[in-house]
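Let's take a walk through this protein together, from its overall make-up to one pair of helices.

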Amino acid sequence: CSTIIETGIDVPTANTIVMSRADKFGLAQLHQLRGRVGRSHHQAYAYLMVPDIEGLTKQAAQRLDAIQQMEELGSGFYLAMHDLEIRGAGEVLGENQSGNMLEVGFQLYNEMLNEAVRSLKAGREPDLLSPLSVTTDINLHAPALLPSDYCGDVHLRLSFYKKLATAKTTDQVDALLEEIVDRFGKLPAQAQTLIDVHRLRCISAPYGVVKVDAAPGVTNITFKANPPIEPMRIIELIQKNRHIKLAGNEKLRIERALPEVKDRVQLVRDVLRSLGQPVKAPEPAGTA
């Protein structure tokens, strides 16, 4: 066959296709060509011919291996992912069609790109050496997950984990909570803890909190250097509450026995609320 066949020719009676020099075709082409046969109820055959298996390039061997493995209905998406892994994602804002995206991962690559674009829009030079904003670490000392007997599909669980992890506001977390309850029913304890973790993360981030460690006996809230909080609010909090102490310059230590997870969550929320509204950073010059 020639590549004209891949454009969508439908011959239901054709049951065999022979691709000469299959190593020269791209993965999408191989997938389309293979799809030209087997279009009726008869068994069909696709033969991928290469001159020498040992002489194939690494990428050609990967393409042929991928096309052989993906035989089930609906495998086109997985083939596309294999193609992304083999060739790379390229430059989103450039002319080159090959890149090093896989060196950092697709999600991190997008985050780095978004951060650079935000900096340029704000009139700032992107600092490529500085780390991205670190996610607040929340540890409630209790299992936080979607149990397999509650949400059986592993792909759905991973999807919800990712959506929760990327939620920026409590409203987004609550919207995901409604979706989960609507699809699977009342939350088990582990799933409720998972929701509490991400709610706390969204609430804590504006205060410059980098870590919350809420154990049954003591709770530690660690802030980044120079958090956006009025220093007097912290002093007032410590003076009014004997069980709250300042451990170093950047950590609040709350000594209170709270065996229930929900009580520890409420304690952290109350402490942060008592610190008032986070102080907004001044706008960079020239962004008005």
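The paragraphs below begin with the whole chain and then turn to a helix pair.

This is a predicted model, in which local features need pLDDT of at least 70 and side-chain atom pairs count only at pLDDT 80 or more, while totals for chains, interfaces and linings use all residues. Residues are numbered from 1 along each chain as its sequence is written, and side-chain values use heavy atoms, leaving out hydrogens and water.

The protein has nine helices and seven strands, taken as DSSP runs numbered from the N terminus (H or I, at least four residues, for helices; E, at least two, for strands). Of its 288 residues, 31% are buried, meaning under 20% relative accessible area with a 1.4 Å probe, protein chains only. Cysteine 151 counts as buried because its relative accessibility is 1%, and cysteine 202, at 9%, is buried too.

Now look at helix α7, residues 189-204. Its 16 residues should span 22 Å at 1.5 Å a residue, and the end C-alpha atoms are indeed 22 Å apart; the expected span is 1.5 Å times one less than the number of residues. Of these 16 residues, 13 are buried, so α7 is mostly covered.

Helix α9 (residues 261-274) has an axis that comes within 11 Å of the α7 axis, crossing it at roughly 10 degrees. The two helices are therefore roughly parallel, the word for angles under 35 degrees. In this contact (heavy atoms within 4.5 Å), α7 contributes Thr193, Asp196, Leu200, Ile203 and Ser204, and α9 contributes Val261, Val265, Val268, Arg269 and Leu272.

Notes. Buried means under 20% relative accessible area, exposed over 50%, partly exposed in between (1.4 Å probe, protein chains only). Axes are lines fitted to C-alpha atoms, for helices over the stretch in contact, and angles run from 0 to 180 degrees between N-to-C directions. Angles under 35 degrees count as roughly parallel, over 145 as roughly antiparallel, 65 to 115 as roughly perpendicular and the rest as oblique.
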